[in-house]
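I opened this notebook to keep track of what I looked up in the model and in what order. The entries start from the overall layout and end with single contacts.

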Amino acid sequence: MPGGMPFGPPSGFGPRPASPIARIGAAVTLAAGLIVLFCSLLNLYTVTVTPSAADTSNYNDIPSGTVDVGIGFYNVAPLPAPVTALAIPLLMLVAALTALPGVLGRGAQGALVSAVAAIASTLLSLVLMIANPLPSVELSGKLATDFSKETNFSSIDDLVSRVVDVGPGAGLIIALIVGLLGSVGAVLSYLQIGAHKPAGAPGPVGPVPPAPGAPYGQPGMGFTGQMPRIADGPLQPGQPGPGGPGNQPGAW
């Protein structure tokens, strides 16, 4: 409008739009979290027992074959899973939920939390990948001597390592690979949101001149720098009132 204040907020205000790369990274994290959640129903570890590997000169009637045992994320018996394994699907679920605003293009809401949760889940999967879930057993005294004499093994751990083979299950392998992809997507989304700055920044707003013909003191139409003269105390006979000639703007 001529002579008036233009409508609309100053440049730089309002919600910051999310870049396409940030939305793609958030979508990858969301998909990774859901995949890990469903794959946690698979085995965390696979245990293969070979009884014939313990065959010695004293025991020659052990049958051949293997026994395959799976340890799940949520197993409590007979071979319970490590308690820390439950944190893997939970952390990826948190990463997926906090990445949802980024998929919807709502800026940086939850991007940092999503990245931290995905990275923590991936590191925990890596730790469980190289860890041994079986306990260590040590014998001493006459019991250790008799055990070594009867089985030709120096310790129970030596026997277990030969008879029992423990490896990561399909669920843990998928959790590590997919969690790594989700971590990359979450970090990329967070970095893109931080680097995406608004096009313009708000500057200082200068004084707006009054509109032509606007009455003095109308709100939003500027200030001329002159104050009306106001009479002190009650009006005396013959004294001009507030609207009289002596109290017009500029009359001092």
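**Layout of the elements**

I began with the order of the elements, which from the N terminus on reads α-β-β-α-α-α-α-β-α. That gives six helices and three strands in the protein, and I keep in mind throughout that this is a predicted model. I then looked up the totals: of the 252 residues in the protein, 25% are buried, and the protein exposes about 15900 Å², with carbon and sulfur atoms supplying 68% of that area. For the contacts with a separation of 6 or more, I noted that 69% are accounted for by residues 24 or more positions apart.

**The nonpolar core**

Next I looked for the largest nonpolar core, which has 23 residues, and I wrote down those with the most contacts inside it, namely Val36, Leu44, Tyr45, Ile88, Leu128 and Leu172. Two or more residues come to this core from each of α1 (20-39), β1 (43-49), α2 (87-103), α3 (111-130) and α6 (170-195). Among these elements, α3 gives the most, with four residues.

I picked Tyr45 for a closer look and listed what it touches, leaving out residues up to four places away in sequence. The list includes Val69, Gly70 and Ile71, then Pro82, then Leu128, Ala131 and Pro133, and further along the chain Val166, Gly167, Pro168, Gly169 and Leu172. Two of the names in that list, Leu128 and Leu172, I had already entered among the core residues with the most contacts.

**A nonpolar patch on the surface**

Turning to the surface, I found a nonpolar patch of about 440 Å² that is made by Ile24, Val28, Ile173, Ile177 and Leu181. The elements that supply two or more of its residues are α1 and α6, and α6 gives the most to the patch, with three residues. I checked one of the members, Ile173, which lies in helix α6; its relative accessibility is 36%, so Ile173 counts as partly exposed.

**Helix α4, one side and the other**

I then asked which residues of helix α4 (residues 141-151) are buried. They are Ala144, Phe147 and Thr151. Seen down the axis of α4, these buried residues fall within an arc of 65°, and therefore they line one face of the helix. What covers the buried residues of α4 includes α5 (156-163). On the other side of α4 I noted Gly141, Lys142 and Lys149 as exposed. Just after the helix, Asn152 takes a positive phi of about 65°.

**The salt bridge**

My last search covered the whole structure for salt bridges and found one. In it, Lys142 is paired with Asp146, and the closest N and O atoms are 2.9 Å apart. I wanted to see how the two residues are placed along the chain: because Lys142 and Asp146 are four residues apart in helix α4, they are separated by about one helical turn. I also looked up how accessible the two partners are: Lys142 has a relative accessible area of 62% and is exposed, whereas Asp146, at 31% relative accessibility, counts as partly exposed.

Notes: Residues are numbered from 1 along each chain as its sequence is written. This is a predicted model: local features need pLDDT of at least 70, side-chain atom pairs count only at pLDDT 80 or more; totals for chains, interfaces and linings use all residues. Side-chain values use heavy atoms; hydrogens and water are left out. Buried means under 20% relative accessible area, exposed over 50%, partly exposed in between (1.4 Å probe, protein chains only). The arc is that of the directions from the helix axis to the C-beta atoms. Contact means heavy atoms within 4.5 Å. Accessible areas come from the Shrake-Rupley method with a 1.4 Å probe; for residues, only the protein chains shown count as cover. A nonpolar core is a set of buried Ala, Val, Leu, Ile, Met, Phe, Trp, Tyr and Cys residues joined through side-chain atoms within 4.5 Å. Patches are made of residues with over 30% relative accessible area and no salt bridge: like charges are joined within 9 Å, nonpolar side chains (Val, Leu, Ile, Met, Phe, Trp, Tyr) within 5 Å. A salt bridge is a side-chain nitrogen of Lys or Arg within 4 Å of a carboxyl oxygen of Asp or Glu.
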